[in-house]
Amino acid sequence: MTRGFGRYALIVYSVIAFTFILIPIVYTIVFSFNDARRTNIIWRGFTLDNWLNVCQSQGVCEAFGTSILVGVVATVLATVLGTMIAIALVRYRFRFRKATTLLLFLPMATPEVVLGAGLAAEFLTAGVQKGVGTIILAHTMFCISFVVVTVRARIESLDPALEEAGRDLYGSPAQVFWHITFPLLIPGIMAAALLSFALSFDDFIITNFNAGPAVTLPRYIYTAAARGIPPEANVVASAVFIAAIVIVIVVQVSSAARRKRLAAL
Amino acid sequence: MAFGAFASTEAPAVEQAPRRKSRVVLFLLLPGILYLLLFFAVPLVSLALTSLQQPSLTGDIGSYDYAFNWQNYVVVIERYGPHILRSFGYAVTATVFALLFSYPLAYFIGVTLRPYRLLQGLALVLVIAPFFISFLLRTLAWKQILADEGPVVSFLQALQLMPADAQITGTAFSVIFGLTYNFIPFMVLPIYTSLERLDLRYVEAGADLYASPATTFRKVTLPLSAPGIISGVLLTFIPAAGDYINASRDFLGSTDTAMIGNVIEANFLVLQNYPAAAALSFILMSVILVLISFYVRRSGTEDLV
């Protein structure tokens, strides 16, 4: 156990560590209010203009729209495919099980640059024109494994008694699945979908290899980095950050409240 | 479970009688598995074939024919040897720094904050907060903070701790710094997961047997958190070794800090030297696969995902 001096040292260290982690985030948000004209490097004064006229800067909103489109489609595809695999892994025994888990694990363990270059080589050989479509194909691929991991954990934590009860009441397998299992899986599926969207939305490396002329938000930022990022990019990123943090904190607090309610019963 | 990072429950797998509904299994598995074969496995094969190609006889730039030109590997190792070594050097260093930085923090969240569930949850949110803001923008933020006219350099120069003409950005230090920062959450989360489950009675037993806190830590806490450490090390090392954002000239690096990812990108997307890019990808992949195979052997295939 941590006692006395050690405990205080650990608390102080952690506060410093959290501050360090937050520095570039705070910096990015603060500079979204910078009255910078083109290059957002030096602080020139506070303004709300960037927030009020986000789409004025060339390309930021279009790139944001592309990222949302890619993220939503890839998330839907990966969540459906991944959830089906997760159910099969937990509830059925089949041959090639080891090969299947390995095939699911390897994409998570492969460096993004290899995944990106591999897909690009495939598209090149097959003569596929790169664009939004190829980005979606790529994102779906690397999201599937993360969906399987997340949903599988949820299925394994389900109480089998609930499904047994359904069967005891003469529910057909389909009825048991759609009326009992699936509703219980929804929180896990939602978590998997959010994770997929976050991975897709922030992906740069794989996207860059397979985007062709399409520009997602990270690609826009990468290209703009050489000549200076417009503050509008900071606005979009800050807005996404604040929305995500609010969602996560609401989920945390509400699940803590639920635990308390359950404990009180 | 995948690197132990995402596992929140430890419920044992429900062992059910094997249902003989092979058509249902096939329906559930086939679409996803085919997808991964088509867009993960085939691309790796495609990459392998590309790495052995030779320039087309027509002499067009970016045009190659299939061959068994293994000389490509010799050529890239000769030309990019320093980049390859640098990548692994930077990635190892960043992984060590991230481990030293993250372990105490994971201990604080997993053990010290254990009685305070809400605080623990909020602390975890702080750790993963960087995931919610663009990877590129937070790296650019560090570039500007560490820039020549930025606050850190000005401060150090005012204290005369740094020569007036010295820089931070564009050096090996700033690239390693960026790699360390960007992958900290990957290190903290799995170690936290291990320490969260650590039964504190073992630690008390150590103290009861008159072990000093340091001995208890070394003999009890550290071994019990080893799975988390191994997961964290892999989860940090793999993306760090293949990263090319931090080392890029427009971010924290310079031409002297180019890593293997940078040369793969340049060869593939700029020079259209696909065989060189593919050969470099395979060299990177084979080193990662060696590490992964140790991990798989230790944890078994069932717990991978």
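How many residues do chain A and chain B each bring to the contact? The contact takes 84 residues from chain A and 84 residues from chain B, two residues being in contact if their C-beta atoms, placed from the backbone, lie within 7 Å.

**Figure 1. The side of chain A that touches chain B.** Helices here are DSSP runs (H or I, at least four residues), numbered from the N terminus. Elements giving two or more residues to this side include α1 (4-30), α3 (60-91) and α11 (231-264) of chain A. With 13 residues, α1(A) gives the most. The residues of this side divide into 60 nonpolar, 15 polar and nine charged; nonpolar denotes Ala, Val, Leu, Ile, Met, Phe, Trp, Tyr, Cys and Pro, charged denotes Asp, Glu, Lys and Arg, and polar denotes the others, Gly among them.

**Figure 2. The largest nonpolar core.** Such a core is a set of buried Ala, Val, Leu, Ile, Met, Phe, Trp, Tyr and Cys residues joined through C-beta atoms within 7 Å, buried meaning 20 or more other C-beta atoms within 10 Å of a residue's own. Of its 151 residues, A:Ala117, A:Ile221 and B:Leu280 touch the most other members. The helix α6(A) gives the most to this core, with 15 residues.

**Figure 3. Surroundings of A:Ala117.** Beyond its neighbours within four places in sequence, A:Ala117 is in contact with A:Phe209 and, in chain B, with residues including B:Leu47, B:Phe268 and B:Ser281.

**Model.** This is a predicted model, in which local features need pLDDT of at least 70, side-chain atom pairs count only at pLDDT 80 or more, and totals for chains, interfaces and linings use all residues. Residues are numbered from 1 along each chain as its sequence is written, with chains lettered from A and ligands numbered from 1 in the order in which they are written. Chain B averages a pLDDT (the predictor's confidence in each residue, from 0 to 100) of 87.

How values were computed. Buried ≥ 20, exposed ≤ 12 C-beta atoms within 10 Å, placed from the backbone.
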